[in-house]
Amino acid sequence: MSASPPLAVLGQRLAGRQAHGLGRRLVGIGPATGPRVEVQGRSCLLMASNDYLGLSGHPRLIQAAMEASRRWGIGSGASRLAAGTLDGHLELEQAIAEFKGTPAALFFSTGYMTNLGVISSLAGPGDYIVSDQLNHASLIDACRLSRAQVRIYNHGDWQAAESLLEQAPDSGLRLLVSDGVFSMDGDMAPLAELARVARHHQALLVVDEAHATGVWGQSGRGSLEHYGLEYWPELVSIGTFSKALGGAGGFVAAAPEVINTLVQGARSFLYSTAPPPAQVAVAREVLALLEEEPWRRDTLHQLCARLRGNLEQAGLRLLSSAGPIVPVLVGEADQALNLAQALWQEGVYAPAMRPPTVPPGTSRLRLTVNAAHSPEDMDLAAQALRRAAKQVGLL
Ligand SMILES: *Cc1c(COP(=O)(O)O)cnc(C)c1O
């Protein structure tokens, strides 16, 4: 018997996804940095961007990108350890360490690459990782890539995390890994408890602050700051410039021993061309902006409270989250798709989140708030969602 033609095999698999309401497609968003965009010919209020502080169109960041490109060129020319480290990279890493209150930091092209590099170079066979069930895909992939023993605990259950750590082998390194703010549920990890448990059991605590950096804490340092947790040497704090900070690039802030281990062995750092000058300059500038424009964070949290209040009043089912990620629970994937479609018809764009991004049966609309939204936008969004939910029979 001969094998099936490869494209026929792929076609069948794709049809299978489609039949379960799990097909995905790319939708282009019309040119805009603000919250009003064009989606497939319709002018929409965008409620789906992670640019939480509304910084991606900031004139100073655009200026920084242009100036850096003129001075240093568009590309960095080589990987960091070859000839790609520019002064700007080192200065940025210094600035990140200062911002996070750690002795050292390292900048990566993306947050995804940061997670892959950090976990897989810190941990290897013989090591032991304890990881939250709802951690971001990049952390899950990183744990697999490390070939360490990985144990998963129920979402947010720090006591379960502790009992897993109690079962750790005596030799080898221990890592406790969690998102600070969870990307799909928008809730916060119990970081004070996780910190205590990690320290008690001699584990490194790795916290991914992708959705918390810029949003939480007195100075926007993230969820650790929100809980009043200061740097200790066994803390590995990860973040990204791609969300609230409006740009692109991941980072890790930690002890020199950790950073040096990454410089020696993080493959996503070593074998990829260094981030380009414009990206580095923007990251540098946005750290200054965070300090100079704290009102963005206050505005954001006021808008979030207003949207949540509106949606609850409308009778929609929200997951208990805080901050700019506002998940409206629907259930089945095709229902979530219908709701997103009806919402788009109402002039609001927020795509449905479905498995495997979220667990089966918990498909949802993931609304996000942005400091560039107006209070009226929050009312408009809630009214539109209410009409859309009625239309598809959810209310
Ligand atoms: C988005 C995200 C990342 C990836 O960051 P990028 O800079 O977009 O690659 C990593 N971790 C979490 C929790 C995220 O939400």
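This text walks through a predicted model of one chain and its ligand, from overall dimensions to the binding shell, two sheets and three single residues.

The chain holds 15 helices and 13 strands. Its radius of gyration is 22 Å, close to the 21 Å that the globule rule gives for 395 residues, so the chain is as compact as a globular protein of that length. Taken along the principal axes, the box filled by the C-alpha atoms is roughly 55 × 55 × 55 Å. Of the 395 residues, 53% are buried.

The ligand comes next. It is surrounded by 14 residues, and the closest of these are Gly111, Asp208, His211, Thr240 and Lys243. By class, the shell divides into nine polar residues, three charged residues and two nonpolar residues. Helix 5, which spans residues 111-122, supplies the largest share of the shell, with three residues. Several contacts involve oxygen atoms of the ligand. A polar side-chain atom of His211 lies 2.6 Å from a ligand oxygen, and a polar side-chain atom of Thr240 lies 2.7 Å from a ligand oxygen. Tyr112 takes part through its backbone instead: one of its backbone N or O atoms is 2.9 Å from an oxygen atom of the ligand. On its own the ligand has 380 Å² of accessible area, and the protein covers 85% of this.

Just before helix 5 is Thr110, in the loop that runs from strand 3 (104-108) to that helix. Is Thr110 buried or exposed? Neither word fits: Thr110 is partly exposed, at a relative accessible area of 32%, because that class covers values between 20% and 50%. From Thr110 to Ala137 the C-alpha distance is 14 Å, with their positions 27 residues apart in sequence.

Two open sheets can be followed strand by strand. One has three strands in the order 10-13-12, with antiparallel pairing. Strand 10 and strand 12 are at its edges and each has a single partner strand, so one side of each is left without a neighbour in the sheet. Strand 10 (residues 325-331) is joined to strand 13 by six bridges, and the two run antiparallel. Within this pairing, Ile325 stands opposite Thr368, and Val326 stands opposite Leu367. Strand 12 is made of residues 352-353 and pairs with strand 13 over two bridges, also in the antiparallel sense. There, Met353 stands opposite Arg364.

How many residues of strand 13 are buried? Six of its six residues, 363-368, are. The cover extends to both faces of strand 13. On one side the buried residues are Ser363, Leu365 and Leu367, while on the other they are Arg364, Arg366 and Thr368. Two arginines, Arg364 and Arg366, are therefore in the buried class, which means a relative accessible area under 20%.

The other open sheet also has three strands, in the order 1-2-11, but its pairing is mixed. Its edge strands are strand 1 (36-39) and strand 11 (348-349), each of which pairs on one side only. Strand 2, residues 42-46, pairs with strand 11 in the parallel sense over two bridges. In that pairing, Leu45 has Val348 of strand 11 as its bridge partner.

Two further residues show how parts of the chain separated in sequence are placed in space. Ile129 belongs to strand 4, residues 128-132. With a relative accessible area of 0%, Ile129 is buried. Leu176 is 47 residues away from Ile129 along the chain, yet their C-alpha atoms are separated by 6.0 Å.

Gln279 is part of helix 12, which spans residues 277-292. Its relative accessibility is 15%, so Gln279 counts as buried, the limit for that class being 20%. What does the side chain of Gln279 reach? At 2.9 Å it reaches the backbone oxygen of Ala248, a distance within the 3.5 Å allowed for a polar contact.

Terms used. Residues numbered from 1 in each chain as written. Predicted model: local features only at pLDDT ≥ 70, side-chain atom pairs only at ≥ 80, totals over all residues. Heavy atoms only, no water. Near = heavy atom within 4 Å. Polar contact = N/O pair within 3.5 Å; in protein donor to acceptor, adjacent residues only side chain to side chain. Areas by Shrake-Rupley, 256 points an atom, 1.4 Å probe, with all protein chains shown as cover. Helix = DSSP H or I, 4+ residues; strand = E, 2+ residues; numbered from the N terminus. Nonpolar A, V, L, I, M, F, W, Y, C, P; charged D, E, K, R; others polar. Pairing = 2+ DSSP bridges. Buried < 20%, exposed > 50% of the residue type's maximum accessible area, 1.4 Å probe, protein only. Rg over C-alpha atoms; globule rule 2.2 N^0.38 Å.
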